[in-house]
Amino acid sequence: MKRLIVNADDFGLTSGVNQAIVELQGHGVLTSATLMAKASATDDAVQFAIANPSLGVGCHVVLVDGVSVLRPRHELVWLVDPVRTVGTFRPTLGSFLHQLYQERGSLWPFSNRTLEKEIEAEASAQIRLLQSRGLKLTHIDTHKHTHMFPRALRPVLRAARGAGIRAVRNPFEPAWSVRATPGAPWLRRAQVQLLRTLQSSFRRIVAEEGFITTDGAIGVLATGTLNSSALASLLNAMPDGTWELVTHPGYNDAALAKVRTRLLASREIEYEALKNASISQGIELIHFGQLR
């Protein structure tokens with residue numbers, strides 16, 4: 001049996017991203033979206049999600065390149081960037097990982113456990129903020145897939161479990177999907193292959209924490225290059241199992257141009273690919289709330 005979750009990330013990022021998600025859900029191809037708790041168009045995204053309960057909605061937990069829900073300098077110290085605007089996270093995944101995995105001498109007051117506690121607290125605040133708006137969240141994932149790293153994964157899962165959520169994205173791309181992805185830059189291909197070494201730890205921790213997930217994520221390697229031919233290649237190659245197609249559709253408008261992102265023109269390309277996608281009769285479309 002082939003089961004597929006078609007998920008759009010960054011719900012709430014801009015009005016153009018929201019519009020694309022709304023339209024694709026109306027076309028019947030998009031089954032899931034993950035919503036940012038504190039972004040410029042979050043309010044509109046929440047209203048649409050409540051009005052369309054058939055769309056599975058998760059929390060897109062932001063720990064990098066975004067704005068915190070908790071108060072900086074009071075509830076967050078190490079997770080936020082000390083040199084940027086108050087309340088903003090570090091701008092890149094690399095800077096986040098440097099902070100997460102750096103070692104300090106015994107005289108330094110910071111410890112990795114301190115940062116992990118802040119991650120759990122901030123993730124919990126983002127999840128509960130969306131739930132307080134009336135949303136029944138189906139799952140969690142993270143911006144830039146920060147939860148693929150064990151020291152971030154456990155606190156994020158603890159936050160989700162405390163809010164009654166037991167499903168999480170498996171962010172690792174399977175070998176068959178990597179082979180079926182044409183046109184991806186060699187550097188990104190190497191990064192995806194290298195990060196797959198974390199997959200066994202991810203599966204072990206997810207099982208220990210009592211969560212469910214998919215067999216893997218497809219479209220991660222194709223982020224930025226997911227056009228119609230790449231999508232068709234992935235869907236044609238998909239074997240039996242439960243998979244998540246990770247997408248980033250949107251309209252490239254003035255609001256998106258102000259966002260720090262490498263995904264500008266590619267969002268409209270992904271939108272068109274999804275809008276025109278031909279989903280085989282043998283593929284059952286589901287969302288995370290329907291995982292078994």
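How many residues does helix H1 have, and how far does H1 reach from its first C-alpha to its last? In this predicted model, H1 covers residues 15-27, so to speak a 13-residue run, with a reach of 18 Å that sits close to the 18 Å expected at 1.5 Å a residue. Right after the helix, Gly-28 takes a positive phi of about 85°.

Now for the side of H1 that is tucked away. Its buried residues are Gly-16, Val-17, Asn-18, Ala-20, Ile-21, Leu-24 and Gln-25. An α-helix has 3.6 residues a turn, so residues three or four places apart point the same way. Among the elements covering the buried residues of H1 are two strands, E1 (2-11) and E2 (32-35), along with helices H2 (42-51) and H11 (265-275).

E1 and E2 also pair with each other, in the parallel sense and over three bridges. One of the contacts in this ladder links Phe-11 to its bridge partner in E2, Leu-35. Taken together, E1, H1 and E2 form a right-handed β-α-β unit.

What about the two ways that residues point from E2? Ser-32 and Thr-34 go one way, Ala-33 and Leu-35 go the other, and all are buried.

E2 has a further parallel partner in strand E3 (residues 56-61), and this pairing runs over four bridges. Here Ser-32 stands opposite Gly-56 of E3. The right-handed β-α-β arrangement turns up again with E2, H2 and E3.

Note on methods:
Residues numbered from 1 in each chain as written. Predicted model: local features only at pLDDT ≥ 70, side-chain atom pairs only at ≥ 80, totals over all residues. Heavy atoms only, no water. Expected span 1.5 Å × (residues − 1). Buried < 20%, exposed > 50% of the residue type's maximum accessible area, 1.4 Å probe, protein only. Contact = heavy atoms within 4.5 Å. Pairing = 2+ DSSP bridges. Right-handed = clockwise from strand over helix to strand, strands pointing away.
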